[in-house]
Amino acid sequence: MLEQVARTAEVRSALLSFAQARAEIAARPEANAALATLADWVESYLMREHPELGRTGAVCPFTRQAARIDTARLAICEAGPDEEERAFALIRGSFAALDEIPCKPSMAHFRTIIVGFPHCDGEAGLAMLQHVQKRNKFHSLSRRRMIGLMHAESDAPGLWNPDFRPLRSPLPVLAIRHLVEYDAPFAVRHPLLLLPYLAHFRLAGARRLIQHLRGQA
């Protein structure tokens, strides 16, 4: 228990709001180059429309809303490919830190944490991050959370345009957010997500799933 509390405290100190991130970047631009890359990508890509997305709206509408109401947090992890436990500790602690982001109860589902890994852009680094993601999969699903890996070479197809690659980012990123009712398309694509999705959203979730499947027919 004490170890978990200490880990959460360490993670909490690493997380920055957009305003805090911009202040850090302005104060020490060279030392915070990776943070600047992460913040620029989130603001210019995730929070914007894209002509190849296949639908209207931002690439990640949850991130745009989270930034607007100050429930999005950014962090940079300096772990390299051979420091899996360091990366794992930060991500595992982020699940607890996610629930501590202050907001109105009705806005809690917009809490989001985005962590960049500037030293993991090679094959070994990506393999390590994939393993960190896999180790957190059950932890994530059991808490109705989503954990996603994004990187420059991601081949994951878009939900609305299979030729689009929405999970490409200028540096490797692990992101955590709440599972929401609008995640029906992800639940269809990832069978392990289907049970916790239906268990939580019940009839409303079932209707979303049916609507999505009908739209694909």
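Two strands count as paired if DSSP finds at least two bridges between them. Keep that in mind while you work through this predicted model.

**Exercise 1. Work out the strand order of the sheet and find its edges.**

Start with the pairing: four strands make up an open sheet, and reading across it gives S1-S2-S4-S3, with mixed pairing. Next, look for strands that pair on one side only: these are S1 (72-76) and S3 (145-150), the edge strands. Then check how the neighbours sit: on average they are turned by 15° against each other, direction ignored.

**Exercise 2. Zoom in on S1 and its partner S2: in which sense do S1 and S2 pair, and over how many bridges?**

Find S2 at residues 112-116; S1 and S2 run parallel, joined over five bridges. For a concrete example, take Ala 72 and look across to S2, where its bridge partner is Thr 112.

**Exercise 3. Find the helix that lies across S1, S2, S3 and S4.**

Locate S4 at 173-178, then look for what crosses these strands: that's helix H3, residues 33-46. Now compare directions: H3 runs at about 145° to S1.

**Exercise 4. Decide whether His 139 is buried or exposed, and list what surrounds it.**

First, place the residue: His 139 sits in helix H7, which spans 137-142. Second, apply the cut-off: buried means under 20% relative accessible area. His 139 comes in at 15% relative accessibility, so it counts as buried. Third, check its side chain, which makes a polar contact of 3.2 Å with the side chain of Arg 143. Finally, leave out residues up to four places away in sequence, and His 139 touches Arg 92 and Phe 95.

How values were computed:
Residues numbered from 1 in each chain as written. Predicted model: local features only at pLDDT ≥ 70, side-chain atom pairs only at ≥ 80, totals over all residues. Heavy atoms only, no water. Helix = DSSP H or I, 4+ residues; strand = E, 2+ residues; numbered from the N terminus. Buried < 20%, exposed > 50% of the residue type's maximum accessible area, 1.4 Å probe, protein only. Polar contact = N/O pair within 3.5 Å; in protein donor to acceptor, adjacent residues only side chain to side chain. Contact = heavy atoms within 4.5 Å. Axes fitted to C-alpha atoms, helices over the stretch in contact; angles between N-to-C directions.
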